[in-house]
Amino acid sequence: MDGWFLGALLGTLLSPWLPPSWPLWPFVGLTLGVGFLLYLMTRRSPCGERNSTDSHLSMIRRIVLLFCIGVLCGMQWSLINAKVALSWNLPEHLHRQSLALPMRIDSIVDDNGFRWRFDARLEPNEASAIQQPIKVRLQWYGAEGERPQLGELWLAEVRLRPPVSQLNQVGFNYQAALLRQGIKATGYITTAELIEPARGGRANFSQFRQYLYNQYSARRTDLIHGDILLALSMAERGWISREDWTLLQHTGVAHLMAISGLHLSMVFATSFVVLRWLLSWLSRLWTAPRRPFILPVAWLAAWCCACFYAALAGFSVATLRALLLISLFLLMRISGLHSTPIRTLLRAVVLVLVFDPLAFLDPGFWLSCVAVFSIFVWLWRLPTQPRPGWISHLHQLWRLEVMLTLVLVPLSVIYFAGVSVIAPLTNLLAVPVFSLVVLPLALISVVLLPLHPVLASALLHTADTVLQWLWGLLTWLQPWSFLPTMNAAGALMALLIVLVFYLPVSLRHRCSAGAAILMSVVLLLVVQPTLRSQDPRLWLHMLDVGQGSALVVERGGRALMIDSGPAYQDFNLAGSLLIPFLQARELRPDVLVLTHPHWDHIGGAAELIHHYPAMSVIDTNGDYLPCTWGMPWHWQGAQVHILAPTGHAFYGVNNHSCVVQLRYQGQVVLLPGDIERLGEFRLVRSYGDRLRSDVLLVPHHGSRTSSHRYFLQRVQPRWALISSGYLNRFNQPHAESLQRLAETEARILNTANEGQVSLLWYRGAWHPMTARGYFSPYWFNQIR
């Protein structure tokens with residue numbers, strides 16, 4: 001059956017490339033056909049009538065047919081679940097409309113001081129505009145009074161929209177995460193009132209989780225690392241700041257913040273050991289010489305403890321995955337089934353995808369699967385009789401950590417845009433501290449909080465003190481801990497050299513392999529910059545930043561940036577998108593032009609400037625180098641001209657935008673900021689036909705007051721790029737502006753629909769590439 005399991009795994013992982021519109025019947029027919037062929041082969045080829053060669057070939061054929069059946073079954077399962085996931089969409093006539101809907105609070109409220117955010121399940125009645133019991137994610141700005149509690153029923157006036165988010169080459173895919181969690185719509189609340197408190201059934205445990213959260217909230221000011229303790233106890237990570245997340249990721253211990261396999265396994269194993277000892281002690285009251293019930297009862301009781309811990313985490317996706325694997329392990333132990341670790345892992349992964357078909361959207365799925373597979377392989381290669389002594393065991397553990405770091409480098413580059421080079425050291429120190437000290441203290445305090453709050457507080461403060469010591473060490477190590485993507489290849493080579501010297505071969509062979517890797521590193525570091533500097537291609541990357549603007553011009557490994565995206569009350573996109581994008585494409589920004597001082601254009605400027613202190617900054621506000629009319633300069637073989645502001649009449653901040661024109665190999669790109677009609681008229685009067693451009697960044701996000709026909713007739717663009725947010729409250733781009741752009745026969749690309757838009761100038765033509773159409777053209781990333 002291994003062939004079937006492997007095929008089912010492959011078929012399920014093909015889900016991103018299987019459009020949900022495909023019918024199921026061809027796959028069902030193919031499965032039945034291949035199954036019938038396998039049946040005929042089994043009937044017509046008895047094993048006793050053939051020699052060993054024929055028997056071997058027959059076995060290979062059966063394995064291949066089982067593999068094909070598994071692939072077809074996996075593809076059918078993927079299609080079924082994709083169709084179910086997209087079975088209901090918010091009707092278009094309800095987009096952003098004010099609706100009065102009853103809803104049951106389904107998550108703990110995340111309060112960042114500016115807004116409340118939580119999940120809720122709509123409980124429709126006869127008067128509801130939506131007659132489906134769907135799950136939604138809501139935000140409530142400016143709310144006052146008592147926060148909604150888990151399990152409560154509220155009547156709220158909400159404005160909903162489909163679960164569509166920004167999509168770029170890098171950064172968090174929020175839209176896929178919403179689909180994974182079953183969120184059918186997002187929106188915000190204008191007013192709400194409590195109808196019914198939480199009561200009965202599932203609400204009882206929800207109230208307990210809410211009670212624990214409230215207890216942590218009351219102690220938040222006393223606990224320096226209350227955010228970490230809350231994440232370990234209840235998987236509520238909303239308190240962890242972005243700076244702390246960066247520290248955890250850079251030092252390679254961010255996985256400790258997710259209640260997953262490590263934490264549940266520790267709870268399960270510790271509970272089993274304690275309960276087995278306790279049952280053995282109690283069983284002395286009986287005189288029977290054998291007590292076969294002890295182990296099964298201990299296993300089941302430990303499993304119940306793991307279920308309780310998973311329930312504390314709200315049965316989150318990662319927690320359910322880990323609990324499923326523990327349940328499979330328990331079933332095999334109780335039933336007496338035996339299997340190799342690799343086969344067990346294969347069946348476990350298939351089982352996870354059966355119960356959670358969208359698990360592949362979670363980075364934790366890939367990280368945990370690769371890590372567990374690597375550990376199994378490593379244990380298989382270990383000597384059967386290691387040297388005695390704790391130093392030998394510590395040495396083996398260190399080698400394991402180095403191996404895991406090496407194996408996870410590709411995934412780390414993909415998901416975190418870099419590599420933590422000190423992860424072996426930090427995990428060697430942090431995992432025992434978390435597993436043996438912090439986690440037990442946190443869980444014991446959870447049990448004691450309703451019974452003995454004073455003792456529980458003392459345990460929490462003890463765990464907090466231990467975390468302070470560990471945090472100080474991680475903070476001290478952070479400056480040397482992380483290498484971004486541009487240095488990840490060199491880091492991988494360096495780690496490979498370290499690993500080579502642990503190989504079970506002669507010293508001469510190890511030195512030869514290390515020298516070969518070292519020469520490859522030197523060649524990579526010397527040749528790559530030269531090749532990139534001679535690359536004649538020019539890229540225009542209009543990033544999807546929502547309702548704002550951030551454009552990156554790329555040439556020869558350098559970048560010219562126009563605006564830095566929006567800033568919100570509690571964060572900006574520089575750290576989560578702009579800097580990771582530059583690092584992922586291995587770019588060094590030379591100049592940042594801030595077209596005008598509005599929040600949707602300069603929100604990430606401060607963090608960008610802090611991260612790239614050598615970068616020149618040009619603005620119209622007088623804080624940096626002034627944007628002066630007529631100022632030309634050469635950049636990477638391109639000519640850059642400042643066309644405005646002229647310094648004469650002032651018609652508002654938008655019309656005073658810094659207008660940039662870029663020329664490269666006969667192509668002209670016009671980047672006019674947020675100028676409106678008056679600013680456009682001034683440009684036409686000053687430059688006339690010199691405004692003619694091949695690519696136009698549509699002014700002011702396509703508002704009604706911009707993109708006048710008089711201006712467009714002079715520009716005559718072939719490509720019109722619009723940076724706007726999906727279903728934004730300004731209704732940009734406006735239908736009138738789109739009509740005027742359509743009259744120019746320019747191809748219009750809007751980030752609201754396409755996600756990130758990239759234009760590549762190569763071999764005399766512009767080549768468009770979009771996030772939803774080229775970089776990530778999967779069904780779960782499309783607008784529906």
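# Asp2, its partners and the spaces inside

Colleague: At 23% relative accessibility, what does Asp2 count as?

Modeller: This is a predicted model, by the way. Buried means under 20% relative accessible area and exposed means over 50%. Asp2 comes in at 23%, so it counts as partly exposed.

Colleague: Which side chain does Asp2 meet in a salt bridge, and how many residues apart are the two?

Modeller: The side chain of Asp2 meets that of Arg347, at 3.0 Å from N to O. Asp2 sits in helix α1 and Arg347 in helix α11, so the pair links distant parts of the chain. The gap between Asp2 and Arg347 is 345 residues.

Colleague: And what is the relative accessibility of Arg347?

Modeller: Arg347 counts as partly exposed, because it falls between the cut-offs of 20% and 50%. Its relative accessibility is 26%.

Colleague: Arg558 has a salt bridge too, so which residue is the partner, and is that partner buried or exposed?

Modeller: Arg558 pairs with Asp590, with the closest N and O atoms 2.8 Å apart. Arg558 is in strand β11 and Asp590 in strand β12, 32 residues apart. Arg558 is partly exposed at 27%. With 17%, which is under the 20% cut-off, the partner Asp590 counts as buried.

Colleague: Which residues are joined into one network by salt bridges that share partners?

Modeller: The count of salt bridges comes to 20. Those that share partners make one network of Asp2, Arg343 and Arg347.

Colleague: Let's go inside: which element gives the most to the lining of the largest cavity?

Modeller: There are three cavities of 30 Å³ or more, and about 80 Å³ of space lies in the largest. Two elements, β16 and α22, give two or more residues to its lining. With five residues, the top contributor is α22.

Colleague: How do the lining residues of the second largest cavity divide?

Modeller: That cavity has a volume of about 50 Å³. Its lining includes His601, His700 and His701, along with Asp674. The split is three nonpolar, one charged and six polar.

Colleague: Back on the surface, how much accessible area does the nonpolar patch with Trp77 have?

Modeller: Trp77 shares the patch with Ile80, Val84, Val354 and Phe355. Helix α3 gives the most, with three residues, and Trp77 is in that helix. Trp77 itself counts as partly exposed at 32%. Together the patch residues have an accessible area of about 460 Å².

How values were computed. Residues are numbered from 1 along each chain as its sequence is written. This is a predicted model: local features need pLDDT of at least 70, side-chain atom pairs count only at pLDDT 80 or more; totals for chains, interfaces and linings use all residues. Side-chain values use heavy atoms; hydrogens and water are left out. On a 1 Å grid over the protein atoms alone, a cavity is a set of points where a 1.4 Å probe fits but cannot get out, and a pocket is an open set with protein on both sides within 12 Å along at least five of seven lines; lining residues have an atom within 4 Å of a point. Grid points are joined across faces, edges and corners, and a volume is the space filled by probe spheres set on the points. Helices (H or I, at least four residues) and strands (E, at least two) are DSSP runs, numbered from the N terminus. Ala, Val, Leu, Ile, Met, Phe, Trp, Tyr, Cys and Pro count as nonpolar, Asp, Glu, Lys and Arg as charged, and the others, Gly among them, as polar. Patches are made of residues with over 30% relative accessible area and no salt bridge: like charges are joined within 9 Å, nonpolar side chains (Val, Leu, Ile, Met, Phe, Trp, Tyr) within 5 Å. Accessible areas come from the Shrake-Rupley method with a 1.4 Å probe; for residues, only the protein chains shown count as cover. A salt bridge is a side-chain nitrogen of Lys or Arg within 4 Å of a carboxyl oxygen of Asp or Glu. Buried means under 20% relative accessible area, exposed over 50%, partly exposed in between (1.4 Å probe, protein chains only).
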